[in-house]
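This report looks at selected local features of one chain. The sequence and structure come first, and the text follows.

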Amino acid sequence: MTSFGLLPEGLRDRLPPQAQALASLVRTLTDVCAAHGYERVAPPLIEYEASLASGSSRERLRFTDPVSQMTLALRSDITGQVGRIAVTRLAGQARPLRLMYAGQVARVRGDQLSPERERTQAGAELIGSDSPAAAAEVLAVAVEALTATGLTGLSVDLTMPTLVADLAAAGWSLGNASLSDVQAWLDGKDVGALRAAGADQYVPLIAAAGPVNSALAALKQLDLPDPVLARLDAIAALAGGLNGVSVTLDPTERHGFEYQTWLGFSLFGAGLMAEVGRGGAYTVAHGDGRQEAAIGFSLYVDGLVDLGLGQEARTRVLLPVGTSADIGAELRQQGWITVAALEVGAEAKALNCSHIFADGAVRPA
């Protein structure tokens, strides 16, 4: 049995027209970000593993660099690379720094909802602030970018990744459990375990999940410290600015948001089983130990391609042998895709052309 032509599990070739759709979608997403002042950076696909700050180390494909003999890894996420650029090569730039990116990421294995081991990721990062105003901008740009691709039924799920730790620090009793235990039980909605451990005070947080307005109302009935109440006001304002988008809040959800600070979010769309993007507030470490606030989002473009988005409506026309170059140039100027025949008698449909240039005009093939 030969492996010629086969690909490893979780990898695939993108063929026409999906490959072109992928490129078109990336352009659409990055054009929206650029229109909001985000400038593009292009970090490498491979780095020293120690430099890759974001993404789980368990997700990275590693190998030894034959030159340096150090461990290299394929990136499983680009966010951390953008942060590295921001605090090194762009450390002297004025803040907030708005950067965007697009490229391939790879991981050791996929999951049930997203089996792909290689994905195209596009996103934007705002370095230097994680204020409510910064959060509102970043979420609005993400929603605008996805809307520009033609994705419908957009919804945003918000979370507060540091909420439980903040409440524990403010005096909420963990009972005889550890902080990580309580966080895990809240992730799993395990009321029994919380009560058995004497962490009853956290149980109402489980019910305070759902549509954002009702979730916020439930949270405000609790004995929350002032900084958390201010955060709830910021989330209310944030949700209020997302017109035409369904917004929910699960205040204790942490899975996948372990590195986020006061806000995390996931983005979903009609027809997609898995999230189309995620993001939130986080910090970037400088070489001197300083922590710089940041907020951003990552979008996963392949799901949009699989929905059939990004396929351009331009029509292909066959130019028979002998057609002048000027005619071809004029047709392309008009928006046609031209395919030049290389031999007499070439068939338009065999070359995926719906039209042919004949008798001085474009005609259906």
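In the hairpin of strand 3 and strand 4, 6 residues lie between the strands, and Gln69 takes a positive phi near 65°. The coordinates come from a predicted model. Gln69 sits in the loop between strand 3 and strand 4 and is exposed, with a relative accessibility of 55%.

Strand 3 (residues 62–64) runs antiparallel to strand 4, and 3 bridges join them. Within this pair, Arg62 has Ala73 of strand 4 as its bridge partner. Strand 4 (residues 71–74) also pairs with strand 2 (residues 46–48), again in the antiparallel sense and over 3 bridges. Here Tyr48 stands opposite Leu72 in strand 4.

Most residues other than glycine have a negative phi, and most peptide bonds are trans. The table lists residues and bonds that depart from this pattern.

| Residue or bond | Value | Place |
|---|---|---|
| Gln69 | phi near 65° | loop between strand 3 and strand 4 |
| Asp359 | phi near 55° | loop between strand 15 (355–358) and strand 16 (361–364) |
| Pro16 to Pro17 | cis, omega near 0° | Pro17 in the segment before helix 1 (18–35) |
| Arg95 to Pro96 | cis, omega near 0° | Pro96 in the loop between helix 2 (79–87) and strand 5 (97–106) |

Asp359, with its positive phi, counts as exposed at 73% relative accessibility.

Helix 9 covers residues 226–240, 15 residues in number. From its first C-alpha to its last, helix 9 reaches 21 Å, close to the 21 Å expected at 1.5 Å a residue. Its buried residues are Val228, Arg231, Leu232, Ala234, Ile235, Leu238 and Ala239. Seen down the axis of helix 9, these buried residues fall within an arc of 160°, so they line one face of the helix. The face turned away from the buried side of helix 9 carries the exposed residues Asp226, Ala237 and Gly240.

Which elements cover the buried residues of helix 9? The cover includes three helices and two strands by name: helix 3 (132–148), helix 4 (163–169), helix 8 (212–219), strand 7 (155–159) and strand 9 (246–250).

On the cysteines, the count of disulfides comes to 0, where a disulfide is a pair of cysteine sulfur atoms within 2.5 Å. Cys33 is buried, with a relative accessible area of 4%. Cys353 is likewise buried, at 3% relative accessibility.

Conventions. Residues numbered from 1 in each chain as written. Predicted model: local features only at pLDDT ≥ 70, side-chain atom pairs only at ≥ 80, totals over all residues. Heavy atoms only, no water. Buried < 20%, exposed > 50% of the residue type's maximum accessible area, 1.4 Å probe, protein only. Helix = DSSP H or I, 4+ residues; strand = E, 2+ residues; numbered from the N terminus. Expected span 1.5 Å × (residues − 1). Arc of directions from axis to C-beta. Contact = heavy atoms within 4.5 Å. Pairing = 2+ DSSP bridges.
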